[in-house]
Amino acid sequence: MDVRSKFLKGFINEEVYVSQPSGFGDHEHPDNIFKLKKALDGLKQAPRAWYERLGKFLLKKGFFHRKLDNTLFSKQKGKGILLAKIYVDDIIFGYTNESLCREFSKLVQGEFKMPFTDELAFFLGLQIKQAKEGTFISQTKYVLELLKNFDMQDCKSISTPMASDLSINKDKHGINVNIKRYRDR
């Protein structure tokens with residue numbers, strides 16, 4: 001499940017003020033600033049505010065935090081169990097009982113107006129393919145985007161990208177590289 005406008009659904013606890021965005025200002029009061037009641041996309045507090053709202057909602061509806069990971073929620077019904085993992089605006093979940101799935105989907109969609117996808121296909125850069133033979137995970141799409149980002153889509157592939165016995169020394173006369181570009185991904 002992917003939450004639409006997730007950050008507009010989170011309430012912020014701190015006092016946050018914003019200036020009027022250019023082109024959308026109040027011409028009669030151009031110096032006014034506004035106090036936010038809800039989080040905005042790009043606001044530092046937005047992901048935390050959204051997670052707190054979703055977490056409180058799930059706990060109120062009978063879910064429990066898992067001890068090892070507080071972004072993992074579970075709910076048991078008879079012999080069935082549903083596990084829901086929250087990552088920013090994505091919710092992935094698995095279940096052992098079809099009725100738990102329908103109940104969870106209806107519950108979350110009713111509160112947050114989000115689309116439901118039957119099968120997980122992408123999550124955190126991973127491609128997931130579910131088949132009768134098993135579940136297959138790859139990063140093909142991520143790697144292709146990475147190669148494109150560095151203009152290397154036509155590079156020759158090899159099993160080991162660098163000789164294992166190679167000694168690397170600093171090139172004192174080389175050109176400095178923008179390290180931020182390589183930390184982007």
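A polar contact is a pair of N or O atoms within 3.5 Å; within protein, one of the two must be able to donate a hydrogen and the other to accept it. In this predicted model, one such contact, of 2.6 Å, joins the side chains of Thr71 and Asp69. The report returns to Thr71 after an account of the fold.

**Overall organisation and confidence**

The protein contains four helices and nine strands. Read from the N terminus, its elements follow the order β-β-α-β-β-β-β-α-β-β-β-α-α. Of its 185 residues, 22% count as buried. Where contacts link residues at least 6 apart in sequence, 43% of them join residues at least 24 apart.

The mean pLDDT of the protein is 77, and 78% of the residues reach 70 or more. Over residues 5–10 the pLDDT falls below 50; this stretch nevertheless has 23 contacts in the model beyond near neighbours in sequence. Among the elements, strand β1 (residues 17–19) has the lowest confidence, with a mean of 69, whereas strand β4 (residues 72–77) has the highest, at 91.

**The four-stranded sheet**

Strand β4 belongs to an open sheet of four strands, ordered β3-β4-β5-β6 and paired in the antiparallel sense. The edges are formed by β3 (64–65) and β6 (90–95), each of which pairs on one side only.

Between β3 and β4 there are two bridges, and the strands run antiparallel. A hairpin through six residues makes the connection from β3 to β4. His65 has Phe73 of β4 as its bridge partner. Phe73 is in turn the bridge partner of Ala84 in β5.

The antiparallel pairing of β4 with β5 extends over six bridges. Besides the pair of Phe73 and Ala84, Ser74 stands opposite Leu83 in β5. These two strands also form a hairpin, with two residues between them; in its turn, Gly78 has a positive phi of about 65°.

**Thr71 in the β3–β4 loop**

Thr71 lies in the loop between β3 and β4. Is this residue buried or exposed? Its relative accessible area is 18%, and Thr71 is therefore buried, the cut-off being under 20%. Apart from neighbours within four places in sequence, Thr71 is in contact with Tyr51, Ala84, Lys85 and Ile86. Ala84 thus appears both as a contact of Thr71 and as the bridge partner of Phe73.

**The nonpolar core**

The largest nonpolar core has 14 residues, of which Leu54, Leu58, Ile91 and Phe104 touch the most other members. At least two residues of this core come from each of α1 (46–60), β5 (80–87) and α2 (98–112). With residues up to four places away in sequence not counted, Leu54 touches Ile86, Ile91 and Phe112. Ile86 is also one of the residues in contact with Thr71.

**The three-stranded sheet**

A second open sheet is formed by three strands in the order β7-β8-β9, again with antiparallel pairing. At its edges stand β7 (122–123) and β9 (134–138); each has a single partner strand, so one side of each is left without a neighbour in the sheet. Two bridges link β7 to strand β8 (residues 126–131) in the antiparallel sense. Within this pairing, Phe123 stands opposite Leu126 in β8.

**Cysteines and the accessibility of selected residues**

A search of the whole structure finds zero disulfides. The table sets out the relative accessible area of two cysteines alongside those of Thr71 and Asp151.

| Residue | Relative accessible area | Class |
|---|---|---|
| Cys101 | 5% | buried |
| Thr71 | 18% | buried |
| Cys155 | 39% | partly exposed |
| Asp151 | 64% | exposed |

**Asp151 and its backbone**

Asp151 is located in the loop between α3 (140–149) and α4 (179–183). What sign does phi have at Asp151? Its phi is positive, about 55°, although Asp151 is not a glycine. Most residues other than glycine have a negative phi. With a relative accessible area of 64%, Asp151 counts as exposed because the cut-off for that class is over 50%.

Notes:
Residues are numbered from 1 along each chain as its sequence is written. This is a predicted model: local features need pLDDT of at least 70, side-chain atom pairs count only at pLDDT 80 or more; totals for chains, interfaces and linings use all residues. Side-chain values use heavy atoms; hydrogens and water are left out. A nonpolar core is a set of buried Ala, Val, Leu, Ile, Met, Phe, Trp, Tyr and Cys residues joined through side-chain atoms within 4.5 Å. Buried means under 20% relative accessible area, exposed over 50%, partly exposed in between (1.4 Å probe, protein chains only). Contact means heavy atoms within 4.5 Å. Two strands pair if DSSP finds at least two bridges between them. pLDDT is the predictor's confidence in each residue, from 0 to 100. A disulfide is a pair of cysteine sulfur atoms within 2.5 Å.
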